[in-house]
Amino acid sequence: MASVTVKAPAKLNLTLDVLGKREDGYHEMKMVMTSVSLADTVTLTVGPGEGITLSTNLGFLPVDGRNLAVAAALRLQEATGACWGNLSIHIEKRIPVCAGTAGGSSDAAAVLRGLNELLELGLSAEELAGIGKTVGSDVPYCVRGGTALATGRGEEVSPLPSLPTCHVVLAKPGFPVSTPELFAQLDGKRLRCHPDTCGMLSALEDGDLQGVARRLFNVFEEVLPPRRRDQVEELKQALLDAGALGACMTGTGPTVFGLFQEEEGAVTAWEALKGHCPDVFLCQSL
Ligand code: C5P
């Protein structure tokens, strides 16, 4: 039996812009993403036998090919012909599920990175990302992580300077979101505002945390159903009132996050929000 344990960090969108609908049904995106220390842990073990088994600490998650971690292992096997006997994947989930934080995509990327290491496949990050994009649009970004610009349907990734060191509070409100539904809402709407992606890139170049925080922007906030938008606004305001330099929803939501210069302010915000929200997390930039 051989085993490896890999971290799968959560992703936040510092900016998220949708430029239009493509002929393949996907949308053309322009996003600045960053990884934070909140992470799942993925343990891969290969041994005698065959097949792929998945277990997690959350009983309600699918453990078959619908789980992106299993899909990633299958795609890697198809792409490389790698032979590993039985593969057991265990995921200790900490990243909230269906939250806009790319938890499933990050687990899938961790499976690709982990199997590459465990089986000594020698695949480059680019090759892993190429396999990853057949699993989901965010997987190529999650293969490398860090701070990056993602374009195309999200799978074209260019590294950027790291987000300046900061503390991050994430709060996931209790309502669900449907990603395809939010994209459909965008299709029928002329957006009033778009993020200042160029300004965000300059702020990252300058290591200017205040400049980054000022430019946090996600076009999906505008197309949330009104009651949901109010809830997101309330959470953003609560984070700002607690001293966040900026606050924004990530991905298609519903998770909202705030960036803090000082740990003390982040801890105060985390404690204040714990009573209002089912899931609140305190972590750092990576
Ligand atoms: O690529 P992924 O499977 O993560 O996408 C999930 C869904 O999100 C797609 O089926 C599509 O409805 C929507 N999507 C999109 N444009 C993108 C990425 C995702 O419309 N660039």
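Buried means a relative accessible area under 20%. Keep that cut-off at hand for the exercises below, which all work on a predicted model.

**Exercise 1. A pair with Lys 236**

Task: Find the salt bridge that Glu 221 forms, place both partners in the fold, and decide whether each is buried or exposed.

Solution:
- Step 1. Start from the charged atoms: the partner of Glu 221 is Lys 236, and their closest N and O atoms are 2.6 Å apart.
- Step 2. Place the residues. Glu 221 sits in the loop between β8 and α8 (226–241), while Lys 236 belongs to helix α8 itself, so this pair ties together parts 15 residues apart in sequence.
- Step 3. Apply the cut-off. Glu 221 has a relative accessible area of 9%, so it is buried. Lys 236 is buried too, because its relative accessibility is 14%.

**Exercise 2. Two more salt bridges**

Task: Describe the salt bridges Arg 22 to Asp 24 and Asp 196 to Arg 215, with the exposure of each residue.

Solution:
- Step 1. A helpful reminder: side chains of opposite charge can pair when their charged atoms come close.
- Step 2. Arg 22 and Asp 24 meet at 2.7 Å, N to O. Arg 22, at 22% relative accessibility, counts as partly exposed; Asp 24 is also partly exposed, at 45%.
- Step 3. Look for further partners: Glu 28 joins Arg 22 and Asp 24 in a network of salt bridges.
- Step 4. For Asp 196 and Arg 215, the closest N and O atoms are 3.1 Å apart. Asp 196 is in the loop between α5 and α6 (197–205), and Arg 215 is in the loop between α7 (209–214) and β8 (217–218), so the bridge ties together parts that are 19 residues apart in sequence.
- Step 5. Both ends are partly exposed: Asp 196 has 38% relative accessibility and Arg 215 has 23%.
- Step 6. To set these pairs in context, the structure holds 12 salt bridges.

**Exercise 3. A buried lysine**

Task: Lys 11 is buried and has no salt bridge; work out which side chain of opposite charge is nearest and what polar partners Lys 11 has.

Solution:
- Step 1. Locate the residue: Lys 11 is part of strand β1 (residues 2–21).
- Step 2. The nearest side chain of opposite charge is that of Asp 138, 4.0 Å away, yet Lys 11 has no salt bridge.
- Step 3. Turn to polar atoms. The side chains of Lys 11 and Asn 13 make a polar contact of 2.8 Å. A polar atom of the Lys 11 side chain also lies 3.3 Å from the backbone oxygen of Gly 100.
- Step 4. Widen the view beyond neighbours within four places in sequence: the contacts of Lys 11 include Met 33, Thr 34, Ala 102, Asp 138, Tyr 141 and Thr 250.

**Exercise 4. The largest pocket**

Task: Give the volume of the largest pocket and say which elements line it.

Solution:
- Step 1. The idea behind the search is simple: rolling a probe the size of a water molecule over the atoms shows where empty space is left.
- Step 2. The volume of the largest pocket is about 1,100 Å³.
- Step 3. Its lining has 42 residues; Leu 68, Ser 105, Asp 138, Thr 179 and Thr 252 lie nearest the centre.
- Step 4. Two or more lining residues come from each of β1, β2 (27–47), α1 (68–80), α2 (103–118) and α5 (179–187). Helix α2 gives the largest share, four residues.

**Exercise 5. Unusual backbone angles**

Task: Find where Cys 98 and Ala 102 lie, state the sign of phi for each, and identify the peptide bond that is cis.

Solution:
- Step 1. Recall the background: most residues other than glycine have a negative phi, and most peptide bonds are trans.
- Step 2. Cys 98 has a positive phi of about 50° and lies in the loop between β4 (86–92) and α2. Its relative accessible area of 64% makes it exposed.
- Step 3. Ala 102 also has a positive phi, near 60°, and its place is in the loop between β4 and α2. Ala 102 is buried, with a relative accessible area of 12%.
- Step 4. The cis bond joins Gly 253 and Pro 254, with omega about 5°. Pro 254 lies in the loop between β9 (246–249) and β10 (256–260).

Methods
Residues are numbered from 1 along each chain as its sequence is written. This is a predicted model: local features need pLDDT of at least 70, side-chain atom pairs count only at pLDDT 80 or more; totals for chains, interfaces and linings use all residues. Side-chain values use heavy atoms; hydrogens and water are left out. Buried means under 20% relative accessible area, exposed over 50%, partly exposed in between (1.4 Å probe, protein chains only). Lys and Arg count as positive and Asp and Glu as negative; His and the chain ends are not counted. A polar contact is a pair of N or O atoms within 3.5 Å; within protein, one must be able to donate a hydrogen and the other to accept it, and residues adjacent in sequence count only if both atoms are side-chain atoms. Contact means heavy atoms within 4.5 Å. On a 1 Å grid over the protein atoms alone, a cavity is a set of points where a 1.4 Å probe fits but cannot get out, and a pocket is an open set with protein on both sides within 12 Å along at least five of seven lines; lining residues have an atom within 4 Å of a point. Grid points are joined across faces, edges and corners, and a volume is the space filled by probe spheres set on the points.
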